[in-house]
Protein chains: 2
Amino acid sequence: MSNNAPSIQDVAARAGVALGTVSNVLNNPDLVSEKTRAKVQKAIMELGFVRNDAARQLRAGSSRSIGLIVPDVRNPFYTDVARGAEDAANEQNLSVLLANTDDELEREQAMLSLFEEQRVRGVLVSPTGDNLEYLKQAQKRGTGIVLVDRKSSDFSSVSVDDVAGGYLATKHLIECGRKHIAFVGGPLTVHQIADRLAGAKKAVAEHNDVTLEVVETKNLSVQSGRALGKLVEKFDGVFAANDLVAIGIMQACVVDGHVSIPRDLSLIGYDDIDFAAAAIVPLTSVRQPSAEIGKAAIELLISNHGKSKNIEFQPELVVRSSTLR
Amino acid sequence: MSNNAPSIQDVAARAGVALGTVSNVLNNPDLVSEKTRAKVQKAIMELGFVRNDAARQLRAGSSRSIGLIVPDVRNPFYTDVARGAEDAANEQNLSVLLANTDDELEREQAMLSLFEEQRVRGVLVSPTGDNLEYLKQAQKRGTGIVLVDRKSSDFSSVSVDDVAGGYLATKHLIECGRKHIAFVGGPLTVHQIADRLAGAKKAVAEHNDVTLEVVETKNLSVQSGRALGKLVEKFDGVFAANDLVAIGIMQACVVDGHVSIPRDLSLIGYDDIDFAAAAIVPLTSVRQPSAEIGKAAIELLISNHGKSKNIEFQPELVVRSSTLR
DNA sequence: TCGATTTATTGAAACGTTTCAATACAATAG
DNA sequence: CTATTGTATTGAAACGTTTCAATAAATCGA
C-alpha cells in the first residue's frame with residue numbers, strides 16, 4: 001500500500017465539509033442531506049478513498065470477520081463446512097476467513113492468535129489435538145469459540161455423533177457378511193477418529209465371530225490410504241476413517257489389480273464427500289451434514305450469550321457399490 | 001471480545017515499567033534487559049494480554065496477511081493453489097486468508113474491499129469475470145495484486161497456457177480416433193474456459209473429418225456435469241473444461257449404464273485434481289502445477305517492485321483409462 | 001414575528017499501538 | 001576523577017477512524 005493513502009480528513013477537505021460528516025456519510029447516510037452526501041461521495045471517488053479498517057476497528061471495537069480454522073482445506077468435508085458457514089455469515093453481513101493448519105498444532109495456535117489479535121467476532125475451530133487448554137484461555141479472554149466437528153462441555157459445539165457413525169458403518173459391513181474387518185485411519189489421538197473406532201468396536205462386540213483390527217495411518221489423506229497397498233488383502237472388510245483414505249485404498253487395490261471391490265473387499269468411508277459417489281467403485285459412506293454444521297456453528301456463535309450449547313447431528317449411512325454383496 | 005481487554009498500558013503498570021518498554025519486549029526483545037523482560041512477560045501472562053492488531057497496524061502501517069480470492073473453494077485445484085501459497089507465505093512469516101466468491105462478481109468485489117480495508121500485504125485473485133477494471137483501481141490505490149490462473153499485461157500474473165492445454169487435450173482425443181467431439185463447460189465468458197476452447201478449436205482445425213460442438217454449462221461443478229445426462233450420447237469424445245465437470249459426466253454415464261467409458265466415449269478433464277486418478281474410470285486430464293502456481297504468486301507479490309511480471313507454466317497431459325482405445 | 005422543535009453539521013476526544021528523541025544509568029578510557 | 005561511549009528505559013506524539021456533545025440552520029406553530 002502506498003504510504004499516503006487518503007484519509008477521511010483529506011476527503012473532508014476536498015468536499016469542503018467536516019470530518020464527522022464524512023464519517024456519517026459512510027456509516028449513517030440518512031443523517032446527511034442529499035446534497036452534502038453527493039459532494040462527499042464525489043470526493044471519495046476522486047481521491048480513491050478506502051476506509052482504513054484498522055482505525056475503524058480500533059475505535060469501534062468490533063470486527064465483521066469470523067475466523068474458521070480447519071486441519072485440512074484439501075478435505076472437501078471442511079470446504080463444505082466452510083461454504084455452509086459462509087452462507088450463514090453473509091446473511092448477517094459478516095465475512096468468513098478460512099485458515100488451514102495442516103494438522104499442525106503450532107499452526108493452529110498461530111492462526112488462533114492471529115484471529116484474536118484481529119479481534120474477530122469469533123472463531124470456529126476444528127481442533128486437531130486433544131488438549132483444548134489454549135482454546136479455553138482464549139475463551140476466558142473473551143473470544144467467542146465454537147467447536148466444529150468436536151464436542152466438549154467447555155465450549156459451544158456442533159458435532160456429529162461419531163460413535164454412532166462408526167457403529168453404523170461397521171454394522172453394515174457385518175451385515176454384508178464380512179468377518180475380518182480393518183479400521184484404517186489415524187492418528188488415533190484425533191478425537192473424531194477415536195470415536196469412530198469406538199463405534200466400530202461396539203458393533204463388533206455384538207458378534208463373536210467377527211474380528212476388528214486397527215491399522216493406524218499418519219493422517220487422513222488419499223496418499224495415506226494409497227500407501228497401505230496390499231496391507232488390506234488380509235481383510236474382507238475395511239472401514240476407513242474418512243473418504244479420502246478410502247479412495248486411496250481403492251486406488252491401491254485397482255493398481256494392484258487382484259483385489260476386487262466389493263467382491264473380495266467391502267469398503268466404506270466417512271463424510272460422503274461429492275467425490276465418493278464418483279469413485280472408481282462408488283463408495284459407501286457415512287454422511288455428515290457438512291453445510292448444516294457450518295451454518296449451525298455460525299448461528300451458535302452469533303447468538304451465544306454466555307451459555308454454551310452443544311448441537312449434535314446424527315450421521316446417515318449411504319450405501320453404494322463398494323459394499324454390495 | 002469483552003469490552004475491556006488489557007492494553008499495553010495495563011501490562012506496563014502491572015510490571016512497573018513504561019509503556020514503551022512493553023512494546024520493546026514485544027517487538028525488539030534484545031533491546032530489553034533480561035530482568036525487565038521477565039517481569040513484563042509475567043505481567044502479560046497474568047493479565048492474558050493479547051496485542052490489538054488494529055492498533056498495531058494503524059500505527060505500523062503494514063499487515064502480515066495476504067488475501068487469496070478464489071471463485072470456488074470446493075474445487076480442489078484452488079485449494080491446492082492455496083496450499084502452495086500458504087507454504088510460501090509461511091516461510092516469510094506471513095499468513096494467507098482464503099476467501100470464496102462462488103463465482104459471484106459482487107462477492108469478489110466485496111472481498112477485495114475487505115482486504116483493501118484491512119491493508120493486507122497484497123491480494124492474489126483468480127478473477128471470475130472479464131472486466132478487471134476494479135482490480136486496476138485497487139492497484140492504482142497501491143494494493144499489490146497478483147492474478148492467479150489468469151494473464152493480463154496490467155498485472156503481475158501466474159497462469160498456465162490454457163490454449164496449449166486445450167490443444168493437448170483435444171489432439172489426444174483425436175489421436176484416440178474420436179471424430180465427434182464435445183467441449184463441455186461454461187460460462188464461456190470465463191477466460192480460462194474460453195482459452196481451453198480456443199485450443200480445442202485449433203486442434204480440430206487441423207483435421208477436416210473431426211467436428212467440435214460446444215455444450216455450455218452454468219458453471220464448472222460436478223452437478224453441472226451430472227445434469228447433462230444423456231446429452232453426451234451423440235458424441236464419441238468429450239473434453240470437459242475441468243475435472244469436476246468430467247466427473248459429473250462420468251457419474252451420469254454410469255447411472256445411465258449404457259454408455260461405456262472409454263469404449264463408447266473418451267473423456268478428458270482438466271486440472272488433474274487428486275480425485276481424477278480415483279474416479280470410476282480413472283480420468284485422463286491436463287495437469288496444472290497448482291501448488292507451484294500458488295508459490296510463484298506469493299513470490300511475485302513479495303518481490304514486486306513496480307514492474308509487473310507474467311509467469312506462464314506449461315500444462316501437461318496425464319493419460320489414464322478414460323481415453324484408452 | 002418569535003420561540004420551540006427538528007434536522008444538519010461540526011470538531012475534539014478516544015481507541016491501543018509503534019516510533020523516536022530524550023534521558024538515565026553503567027561501563028570504559030584517558 | 002572526568003569525559004566518552006554504550007545500553008536501558010522513558011513517555012509524548014502520531015496513526016485514521018468513530019462517537020458524541022455542542023452548535024448552526026431550517027422548519028414549524030401560533
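A residue counts as exposed if 12 or fewer other C-beta atoms lie within 10 Å of its own C-beta atom, and as buried if 20 or more do. The structure described here is a predicted model, and this cut-off is applied to it below.

**An exposed loop residue in chain B**

B:Asn131 has 10 other C-beta atoms within 10 Å and is therefore exposed. The residue belongs to the loop that runs between strand E3 (122–125) and helix H7 (133–140) of chain B. Along the chain, B:Asn131 and B:Lys179 are 48 residues apart, and a distance of 36 Å separates their C-alpha atoms.

**Chain A as a whole**

Chain A contains twelve helices and twelve strands. Its radius of gyration is 25 Å, well over the 20 Å given by the globule rule for 325 residues, so chain A is more spread out than a compact globule. Further values for the chain are collected in the table.

| Property of chain A | Value |
|---|---|
| Box filled by the C-alpha atoms, along the principal axes | roughly 85 × 40 × 30 Å |
| Buried share of the 325 residues | 51% |
| Share of contacts with a separation of 6 or more that join residues 24 or more positions apart | 69% |

**The four-stranded sheet of chain A**

One open sheet in chain A consists of four strands in the order E7-E6-E8-E9, and its pairing is parallel. Strand E7 (211–216) and strand E9 (266–268) of chain A each have a single partner strand, which means that one side of each is left without a neighbour in the sheet. On average, neighbouring strands of this sheet are turned by 20° against each other, with direction ignored. Strands of a sheet pair through backbone hydrogen bonds, in either a parallel or an antiparallel arrangement. Strand E6 (residues 180–185) of chain A pairs with E7(A) in the parallel sense, over six bridges. Within this sheet, A:Gly185 has A:Glu216 in E7(A) as its bridge partner.

**The surface near DNA strand D**

Which residues are the closest to DNA strand D? They are A:Ile8, A:Ala55, A:Arg59, B:Ala18 and B:Gly20, out of 27 residues that surround the strand. Both chains supply helices to this surface: helix H1 (8–15), helix H2 (19–27) and helix H4 (53–60) of chain A, and helix H2 (19–27) and helix H4 (53–60) of chain B, each provide at least two residues. By residue class, the surface near DNA strand D comprises twelve nonpolar, eleven polar and four charged residues.

Terms used. Residues are numbered from 1 along each chain as its sequence is written. Chains are lettered from A and ligands numbered from 1 in the order in which they are written. This is a predicted model: local features need pLDDT of at least 70, side-chain atom pairs count only at pLDDT 80 or more; totals for chains, interfaces and linings use all residues. A residue is near a molecule or strand if its C-beta atom, placed from the backbone, lies within 6 Å of it. Ala, Val, Leu, Ile, Met, Phe, Trp, Tyr, Cys and Pro count as nonpolar, Asp, Glu, Lys and Arg as charged, and the others, Gly among them, as polar. Two strands pair if DSSP finds at least two bridges between them. Axes are lines fitted to C-alpha atoms, for helices over the stretch in contact, and angles run from 0 to 180 degrees between N-to-C directions. The radius of gyration is taken over C-alpha atoms; the globule rule is 2.2 Å times the number of residues to the power 0.38. Two residues are in contact if their C-beta atoms, placed from the backbone, lie within 7 Å.
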